[in-house]
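Visitor: Please take a close look at one part of this model, the backbone in its loops. Then connect that to the side chains around the rest of the chain.

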Amino acid sequence: MADNESQSWAVDPARRESAPVSGRARQGMFGVRGTGDTSGYGGLHLPAYVPPAAERPFGGWFDEFADNFFAALNEQGLPADTVQQVTVDRGEITFYVRRDHLLEVCRTLRDDPALRFELCSSVSAVDYGPEVPQRLHSVYHLTSMTYRRRIRLEVALEIDDPHLPSVVPVYPTADFQERETWDMFGIVYDGHPALTRILMPDDWDGHPQRKDYPLGGIPVEYKGAEIPPPDQRRAYS
């Protein structure tokens with residue numbers, strides 16, 4: 001692929017219009033309203049931080065890698081909207097990928113001689129809260145031991161349809177990591193060999209790291225005093 005073709009493939013304006021949304025404004029230390037925020041930061045207000053889509057040149061080895069990556073995707077016959085957005089922030093590069101092509105992208109990154117991302121070192125997630133569209137993001141950290149490089153893939157999902165394909169067939173190390181992400185965030189990894197809870201009991205209701213999950217807790221006795229659970233404490237702000 002010629003350089004100009006590779007660059008246009010990476011920054012197609014039509015794809016930017018459907019780019020995923022991330023980041024949300026924050027109020028208080030834990031987002032608690034009324035009672036419950038005992039941190040003293042109840043009046044804290046932070047605007048949403050959303051890293052913008054990156055423009056070429058990305059800098060460092062990112063440009064050479066991006067050229068090879070997009071050329072490899074094109075050779076595999078993947079559509080141009082496979083990668084929705086590229087972000088470079090804090091010295092790290094992130095590719096927002098459509099879930100329908102996640103497995104093909106991972107296989108390409110693993111098997112292409114110019115890429116060689118042999119290891120999925122982490123699968124995690126983010127919940128940006130009920131007010132953000134596509135609030136659930138599944139995040140993959142990939143490592144190339146051949147070229148000593150690290151990149152991040154990210155897939156944005158709606159809360160009503162939190163399904164995407166499991167990458168265990170490509171990266172077996174993702175087995176327990178996908179189980180933990182499902183347990184904590186409720187993201188369903190279709191095709192996983194045994195998507196069961198790994199931290200919470202099997203009969204647990206809900207996913208504790210979602211933003212709308214209640215704080216809950218139990219009262220604790222300490223030196224003759226009874227301390228109520230977090231969601232029943234009064235605010236000190």
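Guide: Pro 57 sits in the loop between strand E2 (45-46) and helix H3 (62-75); helices (H or I, at least four residues) and strands (E, at least two) are DSSP runs, numbered from the N terminus. The peptide bond leading from Arg 56 into Pro 57 is cis, with omega near 0°. The model is predicted, so local features need pLDDT of at least 70 and side-chain atom pairs count only at pLDDT 80 or more, while totals for chains, interfaces and linings use all residues. Residues are numbered from 1 along each chain as its sequence is written, and side-chain values use heavy atoms, with hydrogens and water left out.

Most peptide bonds are trans, and most residues other than glycine have a negative phi. Two loop residues have a positive phi without being glycine: Arg 90, at about 55°, and Gln 134, at about 50°. Arg 90 is in the loop between strand E3 (83-89) and strand E4 (92-97). Gln 134 is in the loop between strand E5 (119-127) and strand E6 (136-144). Arg 90 is exposed, at 68% relative accessibility, and Gln 134 is partly exposed, at 25%. Here buried means under 20% relative accessible area, exposed over 50%, and partly exposed in between (1.4 Å probe, protein chains only).

Back at helix H3 (62-75), the aromatic side chains come into view. Rings of Phe, Tyr and Trp (its six-membered ring) pair if their centres lie within 6.5 Å; planes under 30 degrees apart are stacked, over 60 edge-to-face, and the rest tilted. The count is eight aromatic pairs. One of them joins Trp 61 and Phe 65 edge-to-face, with 5.9 Å centre to centre and 75° between the planes. Trp 61 is partly exposed at 27% relative accessibility, whereas Phe 65 is buried at 0%. Both belong to an aromatic cluster with Phe 62, Phe 69, Phe 70, Phe 95 and Phe 117.

Two cysteines are also buried: Cys 106, with a relative accessible area of 1%, and Cys 120, at 1% relative accessibility. A disulfide is a pair of cysteine sulfur atoms within 2.5 Å. The sulfur of Cys 106 has its closest cysteine sulfur in Cys 120, at 7.1 Å, so the two are too far apart for a bond. The whole structure has zero disulfides.

Overall, the chain has five helices and 11 strands, and 40% of its 237 residues count as buried.
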